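Please open the structure in your viewer and keep the selection tool ready. We will go from stop to stop, choosing a few residues each time and looking at what is there.

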Amino acid sequence: MNIILLGPPGAGKGTQAARLVAERHMVQLSTGDMLRAAVKAGTPVGVQAKAVMEAGELVSDAIVSALIGERLDQPDSAKGVILDGYPRTAAQAEALDGLLIERDRALDFVIELQVDEDALIERIVGRYTCAQCGEGYHDRFKLPKVAGVCDVCAATEFKRRPDDNAETVRTRMAEYRAKTAPILPLYEARGLVRRVDGMADMDHVGEAIAGILDKS
Ligand code: AP5
Ligand code: MG
């Protein structure tokens, strides 16, 4: 099964993708994570992407589609992929169609996480991750069981994303409204879109997504 998780910054795409990886052994393809890894490694893509990401703008369509194409060719992605943060423009949606056709694969669902934009700033500004294993946390919505200690790997160092500040989030949301939301009708016309209430708590959102996947 190949699905897209679509929604604005902070909608819960990464959170729900991680659950699907743990529960269904699907593979998460997050262009945001791939770009952050490239920035950290200082690759040519990372050097180009760094300032764009810090400004909350979109990296070029050609770069992100190439990253997804490479990743789709790795054997683990044959199990089924969750596209998290891709496609984000009409050009990327078109590129994805080509990438899937070339590999004789198809999209099963586009799951839109519907959220109230006003709540997203709090979600994003409160987000942090374990510096060692990447487990995600939130100052209010998901604290480690023991304060300051990662539930998964017991590390005590955490980090925050440089683009997770109120000002950059506004640009990221504007990019979503202008360039990403308009691709939904394209998928709707193909009968692929399913909507989930992304304002429910994380477990309920996860159950709603599971319900969609199990019905297919
Ligand atoms: P990317 O990494 O994709 O960021 P984003 O789309 O802005 O989305 P986020 O990762 O911020 O949110 P999320 O939906 O994953 O939320 P999460 O689950 O973490 O992209 C970053 C940048 O990279 C872009 O700005 C762009 O520059 C570049 N880029 C990436 N892909 C690109 C592409 N295809 N084309 C061009 N450029 C690209 O949840 C957020 C927080 O809320 C967490 O703390 C979580 O614990 C909490 N939370 C989650 N669900 C709930 C819930 N139900 N209730 C309460 N809290 C919740
Ligand atoms: Mg994310």
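Before the first stop, a term: helices here are DSSP runs of H or I with at least four residues, numbered from the N terminus. Keep in mind too that this is a predicted model.

**Stop 1: the small cavity**

Start inside the protein. How many cavities of 30 Å³ or more does the structure hold? There is 1, and the volume of the largest cavity is about 50 Å³. To see its walls, select Q16, R19, L20, E23, R24, G206, I209 and A210. Now colour helix 1, residues 13-24, and helix 9, residues 202-215. Each of these two helices supplies at least two residues of the lining. Which helix gives the largest share? That is helix 1, with 5 residues. By character, the lining splits into 3 nonpolar, 2 polar and 3 charged residues.

**Stop 2: just past helix 1**

Next, select H25, which sits in the loop between helix 1 and strand 2 (27-30). Check its backbone angles: H25 has a positive phi of about 55 degrees, although it is not a glycine.

**Stop 3: ligand 1 and its shell**

Now select ligand 1 and show what surrounds it. The shell holds 33 residues, and T15, E57, R88, R127 and R172 are the closest. Sorted by type, these shell residues are 13 nonpolar, 10 polar and 10 charged.

Zoom in on the oxygen atoms of the ligand. The backbone contributes here: an N or O atom of the G12 main chain is 3.0 Å from a ligand oxygen, and for G14 the corresponding backbone distance is 2.9 Å. From a side chain, an N or O atom of R88 comes to 2.6 Å from an oxygen of ligand 1. How much of the ligand does the protein bury? Taken alone, ligand 1 exposes 1,000 Å², and 95% of that is buried by the protein.

Keep helix 1 coloured and add helix 2 (31-41) and strand 6 (136-138): each of the three supplies at least two residues of this shell. Helix 2 gives the most, with 4 residues.

**Stop 4: the cis peptide bond**

From R88, step back along the chain to Y86 and P87. A cis peptide bond joins these two residues, with omega at about -5 degrees. P87 belongs to the loop between strand 3 (81-84) and helix 5 (90-102).

**Stop 5: an open sheet**

For the last stop, hide the helices and select strands 5, 6 and 7. These 3 strands make an open sheet in the order 6-5-7, with antiparallel pairing. Strand 6 and strand 7 (158-159) are the edge strands; each has a single partner strand, so one side of each has no neighbour in the sheet.

Look at the pairs one by one. Strand 5, residues 127-130, pairs with strand 6 over 3 bridges. Select Y128 and then Y137 in strand 6, which is its bridge partner. The two strands form a hairpin with 5 residues between them. In that turn, click on G134, whose phi is positive at about 85 degrees.

Turn to the other neighbour. Strand 5 and strand 7 run antiparallel and are joined by 2 bridges. Which residue of strand 7 is the bridge partner of T129? It is K159.

To tie two stops together, show ligand 1 again beside this sheet: strand 6, an edge strand here, also supplies at least two residues of the ligand shell.

Definitions and conventions: Residues numbered from 1 in each chain as written. Chains lettered and ligands numbered in written order. Predicted model: local features only at pLDDT ≥ 70, side-chain atom pairs only at ≥ 80, totals over all residues. Heavy atoms only, no water. Near = heavy atom within 4 Å. Polar contact = N/O pair within 3.5 Å; in protein donor to acceptor, adjacent residues only side chain to side chain. Areas by Shrake-Rupley, 256 points an atom, 1.4 Å probe, with all protein chains shown as cover. Nonpolar A, V, L, I, M, F, W, Y, C, P; charged D, E, K, R; others polar. Pairing = 2+ DSSP bridges. 1 Å grid on protein atoms, 1.4 Å probe; cavity = no way out; pocket = protein on both sides within 12 Å on 5 of 7 lines; lining within 4 Å. Points joined across faces, edges and corners; volume = space filled by probe spheres on them.
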